[in-house]
Amino acid sequence: TVMLKEITNLKNKLEQVRQYQDPIATEQMLKERFERGEITLDEFTEAIKQTARMVRDERFEYDGKRIVIKYIAQHYYLPVVLSENERADYIRHIIKTQSEVNFINALEQYLSQSSNKFSEFDWWFFSKLDESLDEVYLPYYDPKTNRIARFKPDFIFWLKKENRYFIVFVDPKGMEHTDWQRKVDGYCAVFEDNGMPKVLSHNGWEVTVHLFLYTTDINRAPEGYRRGWFFSFDVMIDNIFFYKNQYTK
């Protein structure tokens with residue numbers, strides 16, 4: 001939702017980023033089509049020029065409030081829109097909170113590495129969960145209200161490896177936020193058994209649900225909860241595969 005009278009420039013930037021394609025893969029596909037005689041040399045040349053003009057990132061600013069428009073191929077919705085300073089109040093349902101923006105930037109940097117461990121999965125996607133739109137949550141007991149509350153993590157990942165399907169919730173808000181221990185306890189009560197993720201079988205799939213909290217200082221986490229925190233994506237994925245190996249023994 002955009003609260004601006006004139007949105008042509010913004011729409012153009014969004015569309016440009018949405019149409020981005022991997023230039024190496026695109027050029028290879030065009031080369032193969034040209035070699036098969038499906039396109040002419042002129043068509044091949046023009047398509048290569050168009051590929052060179054594609055943009056992966058754009059910026060838009062209104063009243064000093066800037067947003068960044070990104071193409072991250074594995075995000076469920078494209079493009080990804082981030083606020084640079086949490087002040088972009090002219091557009092709703094984007095990633096604004098600084099901890100979430102930092103998480104996306106760290107993930108994007110990690111994915112740029114050829115050795116990133118996400119490549120070990122058959123496929124994967126992730127998405128930002130919108131508290132006001134998505135009815136996805138983990139229940140936990142809140143003693144202040146004596147009620148079952150709803151913990152809505154910021155991100156959800158879907159990852160597939162052979163017949164294993166991993167649903168991974170990630171919340172990067174940090175330890176200064178209250179109730180995170182109760183939220184972890186709520187997750188464990190539903191999806192773990194004796195400290196190990198429960199294996200849910202469905203149509204030949206073996207599904208496990210995981211929760212990780214992202215921090216830059218793992219040493220601040222209490223010992224009993226430390227396994228639920230991670231400070232690098234290598235650690236997160238290593239933990240997922242650790243559980244996989246444990247329940248296949």
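Here is a friendly set of questions and answers about the predicted model above.

Me: Before we start, what pLDDT do local features need here?
Reply: Residues are numbered from 1 along each chain as its sequence is written, and side-chain values use heavy atoms, with hydrogens and water left out. This is a predicted model in which totals for chains, interfaces and linings use all residues, side-chain atom pairs count only at pLDDT 80 or more, and local features need pLDDT of at least 70.

Me: How far does helix α2 reach from its first C-alpha to its last?
Reply: Helices are DSSP runs of H or I with at least four residues, strands are runs of E with at least two, and both are numbered from the N terminus. Helix α2 covers residues 23-35, which makes 13 residues. The expected span is 1.5 Å times one less than the number of residues. That gives an expected 18 Å for α2, and the model comes close to it, at 18 Å.

Me: Which residue with a positive phi follows α2?
Reply: The phi in question is near 80 degrees. The residue that follows α2 with this value is Gly 37.

Me: Is Arg 18 buried, partly exposed or exposed?
Reply: Arg 18 lies in helix α1, residues 8-18. Buried means under 20% relative accessible area, exposed means over 50%, and partly exposed is in between (1.4 Å probe, protein chains only). Because its relative accessibility is 41%, Arg 18 counts as partly exposed.

Me: Which residue does the side chain of Arg 18 meet in a polar contact with another side chain?
Reply: A polar contact is a pair of N or O atoms within 3.5 Å; within protein, one must be able to donate a hydrogen and the other to accept it, and residues adjacent in sequence count only if both atoms are side-chain atoms. Contact in general means heavy atoms within 4.5 Å. Leaving aside neighbours within four places in sequence, Arg 18 is in contact with Tyr 71, Leu 78 and Pro 79. Its side-chain polar contact, at 2.5 Å, is with the side chain of Glu 15.

Me: How many residues does the largest nonpolar core have?
Reply: A nonpolar core is a set of buried Ala, Val, Leu, Ile, Met, Phe, Trp, Tyr and Cys residues joined through side-chain atoms within 4.5 Å. In the largest one, the residues with the most contacts inside it are Phe 118, Phe 157, Leu 159, Val 168, Val 170 and Met 236. Elements giving two or more residues to this core include β3 (80-83), α4 (98-111) and α6 (233-246). The size of the largest core is 27 residues.

Me: And how many residues are in the second, separate core?
Reply: This core includes Ala 149, Phe 169, Leu 211 and Leu 213. Its count is 17 residues.

Me: Which residue forms a salt bridge with Arg 36?
Reply: A salt bridge is a side-chain nitrogen of Lys or Arg within 4 Å of a carboxyl oxygen of Asp or Glu. By this rule the count comes to 16 salt bridges. Arg 36 counts as exposed because its relative accessibility is 52%. The closest N and O atoms are 2.9 Å apart, and the partner of Arg 36 is Glu 38.

Me: Why does the pair of Glu 84 and Arg 59 tie together separate parts, and how many residues apart in sequence are they?
Reply: The side chains of Glu 84 and Arg 59 meet in a salt bridge at 3.3 Å, N to O. Glu 84 lies in the loop between β3 and α4, while Arg 59 lies in strand β1 (residues 57-62), so the pair ties together parts whose separation in sequence is 25 residues.

Me: Which residues are joined with Arg 59 into one salt-bridge network?
Reply: The network comes from salt bridges that share partners. Along with Arg 59, it joins Glu 61, Arg 66 and Glu 84.

Me: Which residue in β2 is the bridge partner of Arg 59?
Reply: Two strands pair if DSSP finds at least two bridges between them. β1 and strand β2 (residues 65-70) pair in the antiparallel sense over six bridges. They form a hairpin with two residues between them, and Asp 63 in the turn has a positive phi of about 55 degrees. Opposite Arg 59, the bridge partner is Val 68.

Me: Which side chains of strand β5 point to the buried face?
Reply: Along β5 (residues 138-142) the side chains alternate, with Pro 139 and Tyr 141 pointing to the face that is not buried. The buried ones, on the other face, are Leu 138, Tyr 140 and Asp 142.
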